[in-house]
Amino acid sequence: RDRLPLTYDESRARFHRAAVEAALPVTSHAISARGPAGQELTIDVVAVGPERPHHALVVLSGVHGVEGFVSSAMQCDLLGRLDVGSLPAELGVLVVHAVNPWGMAWWRRQNENNVDLNRNWRRDEISPPRNEAYAELHPIACPDTPDLPDVADMLVAASALVAERGLAWVRDGITVGQYEHADGLHFGGDRTEESNRVLEGIVAERLAGIERALVVDLHTGHGPPGQITLLSDAPPGSERDQFFRRHFPTAKVEATTDNPDATTGVKVGQIAN
């Protein structure tokens, strides 16, 4: 029971069991894509608190599928610790498990269409700018070769661009998202993906009319091991930036806006910012 689950099916089963043990109902939303064994894949939701809350805490896992195992375990722990009776009367908690179930099931960061869901939010409604830097980086990041490229050669080429264009240019070119190369990194898609449409429907149904929400989108792989890093698009010193620093004193708060030390740029089509 204490071992971290390493499959989507086990993670999903543990999430359902945690909800049952907490006497909380689970609502499941199936997507069209199937798992490696042909199994159904679902986005699962637990809602706690009033039916029409004024304020909300939203906790997401698995937006980047393969990163979902740790965040799934954290959600299970949250359900086990949550004292429903002690919540403020106007607060709702929405726990959304496996936003990208295909990526979890297949151990992929992107979804079934190689789309990064965190660059795809409401894609039907936005016309993202061309990522000029990525257009130049794509042949290095995803070379069209019959054999697997040598990572050392890729790093040499990338380092040369850092020396020529600067680290921020390369960083933003890779991380902020791109919408031209469907086989490339951080591809934001050409339409809103099914998982994001499902998520938007869940939020519209459960959180209609709320005054304020805190969305915690759980990821792994950013920063040193064991350190909690909060990425926020709020500029340093802003009211929202101060809110994070005040309420999460043990975490490192990293602003992606107006911050020369940021490790990632401001993303287009981001689910939570």
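**Exercise 1. Find how much surface this predicted model exposes, and which atoms supply 54% of it.**

*Solution.* Start with the total: the chain exposes about 14,400 Å². Then look at the atom types: carbon and sulfur supply 54% of that area. Now turn to the inside, where 42% of the 273 residues count as buried.

**Exercise 2. Work out whether the chain is as compact as a globular protein of its length.**

*Solution.* First, list the parts: the chain has eight helices and seven strands. Next, take the radius of gyration, 19 Å, and set it beside the 19 Å that the globule rule gives for 273 residues. The two values are close, so the chain is as compact as a globular protein of that length. To picture its extent, imagine a box of roughly 60 × 50 × 40 Å along the principal axes, filled by the C-alpha atoms.

**Exercise 3. Describe the largest nonpolar core and say which elements each supply at least two of its residues.**

*Solution.* Begin with the members: this core holds 25 residues, and Leu-60, Leu-94, Val-96, Val-99 and Leu-199 touch the most other members. Then trace the elements: β1 (27-34), β2 (40-48), β3 (55-60), β4 (91-97), α3 (101-106) and α7 (194-206) each supply at least two residues. Now zoom in on Leu-60: beyond its neighbours within four places in sequence, its contacts include Val-96, Val-99, Leu-199, Val-215 and Ile-271. Finally, look for a separate core: one of eleven residues lies apart, with Ala-18, Leu-24, Val-46 and Val-93 among them.

**Exercise 4. Compare the positive and negative side chains of the chain.**

*Solution.* Count each set: 25 are positive and 38 are negative. Then locate their centres, which lie 4 Å apart.

Conventions:
Residues numbered from 1 in each chain as written. Predicted model: local features only at pLDDT ≥ 70, side-chain atom pairs only at ≥ 80, totals over all residues. Heavy atoms only, no water. Helix = DSSP H or I, 4+ residues; strand = E, 2+ residues; numbered from the N terminus. Rg over C-alpha atoms; globule rule 2.2 N^0.38 Å. Buried < 20%, exposed > 50% of the residue type's maximum accessible area, 1.4 Å probe, protein only. Areas by Shrake-Rupley, 256 points an atom, 1.4 Å probe, with all protein chains shown as cover. Lys, Arg positive; Asp, Glu negative; His and termini not counted. Charge placed at Lys NZ, Arg CZ, Asp CG, Glu CD. Core = buried A, V, L, I, M, F, W, Y, C linked by side-chain atoms within 4.5 Å. Contact = heavy atoms within 4.5 Å.
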